[in-house]
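Biologist: I would like a close look at one part of this structure, the place where side chains of opposite charge can pair when their charged atoms come close. Please take that part slowly, and then set it within the rest of the chain.

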Amino acid sequence: GSGVRAAETARLAAMAAPRALTLLLLLGAAVAAAAGGGSAAQEQVVAVTDASFGDLSGPTLLAFTAPWCGHCKRLAPTYEAVAKELKGEGVSVGKVDCTAERALAARFGITGFPTIYFLSADGDVVQYSGQRSVESLAAFARGGWREAEALSYWSSPMGPVGRFKGFVIGSLYGARNLHTTVVERYDLSPTVAAVGLAFAGLVAIFLLALAVAWCTVGADPNAQQHAHAHAHAE
């Protein structure tokens with residue numbers, strides 16, 4: 001009767017439970033492996049900042065992007081695949097968030113997104129202008145960059161103009177961040193904080209100029225000779 005059917009149903013359910021559990025475990029392992037593989041690919045692309053840019057060594061493919069840029073979002077999976085393709089070949093693959101690293105973006109003269117450069121081990125900087133495919137980007141990083149024209153010394157981010165632009169923009173944003181910190185920490189009005197920082201800056205410049213002048217006079221042998229001659233004359 002109904003009791004027999006219930007017992008049979010319970011028996012079948014007990015037999016199916018281990019199989020269902022095994023399938024769930026296998027499915028979970030597959031999902032975890034897929035997620036781990038995706039994160040591993042993303043980890044191949046190094047996030048480069050203004051502070052870490054000087055630590056780059058060797059050939060580097062560097063993409064300048066912005067979080068809101070649709071073209072950058074479409075490039076992201078391709079760029080990750082390029083990093084995976086070049087893994088172990090001695091070429092680093094990095095990206096710069098230009099909304100956060102404004103000084104570095106200014107140093108490279110970035111005006112559109114994404115902009116991709118190749119930095120050679122010898123200091124050459126070459127802009128990439130080909131197709132945004134894994135094959136084209138990998139071929140460019142593997143040696144195709146030699147066929148393109150490198151930036152001149154005066155337009156290169158490694159030159160004095162590029163370094164100066166980066167320094168100016170970095171100083172401006174650094175001053176703005178410092179102003180915001182002072183306003184929030186000490187509960188000052190923006191005007192008072194700006195005047196105080198300006199005064200502190202003038203004092204720092206004066207002290208620096210005084211130190212430079214003192215070191216220059218102290219290191220000038222002619223000045224020392226004049227001082228000794230004057231002392232003897234008295």
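Modeller: In this predicted model, Glu89 forms a salt bridge with Arg142, and the closest N and O atoms of the two are 2.7 Å apart. Glu89 lies in the loop between H2 and S3 whereas Arg142 belongs to helix H4, so the pair ties together parts that are 53 residues apart in sequence. Arg142 has another partner as well, since its side chain also meets that of Glu85 in a salt bridge, at 3.1 Å from N to O. That second pair likewise links distant parts of the chain, with Arg142 in helix H4 and Glu85 in helix H2, 57 residues apart. The structure holds 2 salt bridges, and Glu85, Glu89 and Arg142 are linked in a network of them.

The three members can also be described by their exposure. Arg142 counts as partly exposed because its relative accessibility is 42%, which falls between the 20% limit for buried and the 50% limit for exposed. Glu85 is at 39% relative accessibility and therefore also counts as partly exposed. For Glu89 the value is 39%, and this residue too counts as partly exposed.

The two helices that carry Arg142 and Glu85 also take part in the interior. Helix H2 (70-85) and helix H4 (134-142) are among the elements that give two or more residues to the largest nonpolar core, together with strand S2 (60-65) and strand S4 (115-119). This core has 19 residues, of which Leu61, Tyr79, Leu86, Ile116, Phe118 and Phe140 touch the most other members. For Phe140, the contacts beyond four places in sequence are with Leu61, Phe118, Val126, Gln127, Tyr128, Trp145 and Ala148. A second core, separate from this one, has 13 residues and includes Phe53, Ala105, Leu119 and Val125.

Helix H2 also contains Thr78, which counts as buried because its relative accessibility is 18%, under the 20% limit. Once neighbours within four places in sequence are set aside, Thr78 is in contact with Arg132, Ser133, Val134 and Leu137.

Strand S2, another contributor to the largest core, is mostly covered, with 6 of its 6 residues buried. Thr60, Leu62 and Phe64 point one way from S2, while Leu61, Ala63 and Thr65 point the other way, and all of them are buried. S2 pairs with strand S3 (residues 92-97) in the parallel sense, over 6 bridges, and Thr65 stands opposite Asp97 of S3 in that pairing.

The loop between H4 and helix H5 (160-186) holds Arg146, and Glu147 is found in the loop between H4 and H5 as well. Arg146 has a relative accessible area of 59% and is therefore exposed, while Glu147, with a relative accessible area of 77%, is exposed too. Computed along the chain in residues, Arg146 and Asp124 are 22 apart, yet their C-alpha atoms are 9.5 Å apart in space. In a similar way, Glu147 and Val126 are 21 residues apart in sequence and 9.6 Å apart in space, C-alpha to C-alpha.

A further feature of the surface involves helix H6 (residues 190-219), where Leu210 is found. Leu210 joins Phe199, Val203, Phe206 and Leu207 in making a nonpolar surface patch of about 520 Å².

Finally, here is the setting of the whole chain. The protein chain has 7 helices and 5 strands, which follow the pattern α-β-β-α-β-α-β-β-α-α-α-α when read along the sequence. Of its 234 residues, 24% are buried, and the accessible surface comes to about 15,400 Å², with 63% of that belonging to carbon and sulfur atoms. Among contacts between residues at least 6 apart in sequence, 67% join residues at least 24 apart. The salt bridge of Arg142 with Glu85 links residues 57 apart in sequence, and the one between Glu89 and Arg142 ties together parts 53 residues apart.

Notes:
Residues numbered from 1 in each chain as written. Predicted model: local features only at pLDDT ≥ 70, side-chain atom pairs only at ≥ 80, totals over all residues. Heavy atoms only, no water. Core = buried A, V, L, I, M, F, W, Y, C linked by side-chain atoms within 4.5 Å. Buried < 20%, exposed > 50% of the residue type's maximum accessible area, 1.4 Å probe, protein only. Helix = DSSP H or I, 4+ residues; strand = E, 2+ residues; numbered from the N terminus. Contact = heavy atoms within 4.5 Å. Patch = residues over 30% accessible without salt bridge, like charges linked within 9 Å, V, L, I, M, F, W, Y side chains within 5 Å. Areas by Shrake-Rupley, 256 points an atom, 1.4 Å probe, with all protein chains shown as cover. Salt bridge = Lys/Arg side-chain N within 4 Å of Asp/Glu carboxyl O. Pairing = 2+ DSSP bridges.
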